[in-house]
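This report describes selected features of one protein chain. The sequence and the structure are shown first, and the discussion follows.

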Amino acid sequence: MAGTRFRLFAQAPFLEPFRDAETIRVSSPSGTIGPGPSDARMYVIDPIGKPIPYGEAENRFGSPFFLLPPWRGPVFPPAMPDADGHFDHIPVESPEFEAAHLFAAVRWTLDIWEAYFGHRIEWHFARDFDRLELVLERGVLENAYMGYGFLETGFHRASNGDIHPFSLNFDIVAHEVGHCIIYSIVGVPDPQTARAEYFGFHESAADLTALIAALHFDSVIDDLLGSTRGNLYALNVVNRFAELTGNEQMRLAANPLTLLDFAAGWRDEHDLAQPLTGAIFDMFVDIFHEELVERGLFSASTEDLSDRLEDHPGYHRVIQPVFDETFAADPDGFREALVAARDVIGTYLAESWRLLSPHHLGYDDVGQTLFAVDRMLTGGRYRRIIDVNLRRRAIGMARVGPRLKPSGPDNHFDLRRLFVPVQRPCCRRRLSYRERFEMAQGRL
């Protein structure tokens, strides 16, 4: 309770159940987060006149360079703490709220995952930058991405013309933090040793980072159980990642794809991530069901029926009435089972990622590591669940084919995201005094 208060939208604020921001406390003690917000690990800027996002660029003299933080141009007024060091007083409609929300979403996600890892997660760019620069990119970036020393959030333009800032979409911010966690814990890929499945693994891990983090909001758990009565395969806020409008999302955790769907080749790492994400989500559901059985809320025969019907088109027609009845008998028991399953998956993922290497990484390596973690933590309690769900996705049984098209603008592994300077972050050649002056003014 000594932490600093912020208000966060647990999910995108255009979703009816989440229109009101809820108060959370990040781990930083009140009084340790300054204007921006900013602290010893990160800071937010709302730049004025920043013409392009960070990454590869060409200045007006035609010289290529790699644009990295810090931004040295003018900025809009920062979000300010109140007299007690908290930020939950800032009106939602003010631009400063976006800054506070972005900071809190990153800090909250780190808090959650550092608890699963049991230690502080160091930045993968710590050699060159002490702090992460969080940038509100207004009007110049229809995307969000983590790079070397920065996280930039732009916006989504809906089909009706509405603008939704990604800084207020917790799923998207947490997803980008997930990439940063994998860069730090697993490592940045080497083009010579990175297999296709490494890129799918990265996207899957980022999605799962966001899923587990979202399940730490009481409002998300309430909405999830209230709308599904525990039938987690029903379309819900947890298995829909990064909702962009009320009926549009980037991808689903509960999906039918297997590695066999990519044996002939792949086009996009987000799609390639789906079999692994689906396998982990299925493990989560199965562990949740086991927790229900252990608590006497679900019979073993009902759990078996759910498993047998999982891929059947009549699954929801048969199973939903069972969930409706059992959930009504003990909603608190369902909540306890869900939280327990969440923490099992969070712990297993953290321990698995700690043991993986980015070199020649395949989904079969992820699967074998999950088996090893299960033996280490529980003596093999969930071996059957892990085995069944890996096999259902053909993980360890099929290989991914070649890439069928070049990477596009939504690729998470272009140079601006993967750039790591050989020595200090710098330009490819020494800039003239005039170029350095104009870059500092934001005019290059």
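Is A394 buried or exposed? In this predicted model, A394 is buried, because its relative accessible area is 4% and the cut-off for a buried residue is under 20%. A394 belongs to the loop that runs between α11 (383–392) and α12 (415–418). Its phi is near 60 degrees, a positive value in a residue other than glycine.

**Backbone conformations**

R229 is likewise not a glycine, and it has a positive phi of about 55 degrees. This residue is found in the loop between α4 (218–228) and β11 (240–245). R229 is partly exposed, because its relative accessible area of 32% lies between the limits of 20% and 50%. Positive phi values also occur at two glycines that come after helices: G187 just after α2 and G296 following α6. The phi values are collected below.

| Residue | Phi | Place |
|---|---|---|
| G187 | about 125 degrees | just after α2 |
| R229 | about 55 degrees | loop between α4 and β11 |
| G296 | near 75 degrees | after α6 |
| A394 | near 60 degrees | loop between α11 and α12 |

Two cis peptide bonds can be described. One joins G36 and P37, with omega about 0 degrees, and P37 sits in the loop between β2 (22–29) and β3. Another joins P69 and P70, where omega is about 5 degrees; P70 is placed in the loop between β5 (64–67) and α1 (95–117).

**The open sheet**

Four strands form an open sheet in the order β3-β6-β8-β7, and the pairing is mixed. Its edges are β3 (42–45) and β7 (144–147), each of which pairs on one side only. From one strand to the next, the twist averages 15 degrees. Strands of a sheet pair through backbone hydrogen bonds, in either a parallel or an antiparallel manner. Here β7 and β8 (residues 150–153) run antiparallel and are joined by 4 bridges. Within this pairing, A144 has T153 in β8 as its bridge partner.

**Helices α2, α6 and α8**

Helix α2 (residues 170–185) has 16 residues, which at 1.5 Å a residue should span 22 Å; its end C-alpha atoms are 22 Å apart, so the two values agree. Of the 16 residues of α2, 15 are buried, and the helix is mostly covered.

Helix α6 comprises 21 residues and reaches 30 Å from its first C-alpha to its last, close to the 30 Å expected at 1.5 Å a residue. α6 is also mostly covered, with 19 of its 21 residues buried.

Helix α8 (residues 315–329) contains H316. At 35% relative accessibility, H316 counts as partly exposed. H316 and A234 are separated by 82 residues in sequence, while their C-alpha atoms are 7.6 Å apart in space.

**Internal cavities**

The model holds 4 cavities of 30 Å³ or more. The largest cavity has a volume of about 60 Å³. Which residues line the largest cavity? They are I280, M283, I287, I345, Y348, L349, L370 and I386. The lining consists of 8 nonpolar residues, with no polar and no charged ones. Two helices, α6 (274–294) and α9 (331–355), each supply at least two residues of this lining. Thus α6, with 19 of its 21 residues buried, also contributes to the lining of the largest cavity.

Conventions
Residues numbered from 1 in each chain as written. Predicted model: local features only at pLDDT ≥ 70, side-chain atom pairs only at ≥ 80, totals over all residues. Heavy atoms only, no water. 1 Å grid on protein atoms, 1.4 Å probe; cavity = no way out; pocket = protein on both sides within 12 Å on 5 of 7 lines; lining within 4 Å. Points joined across faces, edges and corners; volume = space filled by probe spheres on them. Nonpolar A, V, L, I, M, F, W, Y, C, P; charged D, E, K, R; others polar. Expected span 1.5 Å × (residues − 1). Buried < 20%, exposed > 50% of the residue type's maximum accessible area, 1.4 Å probe, protein only. Pairing = 2+ DSSP bridges. Axes fitted to C-alpha atoms, helices over the stretch in contact; angles between N-to-C directions.
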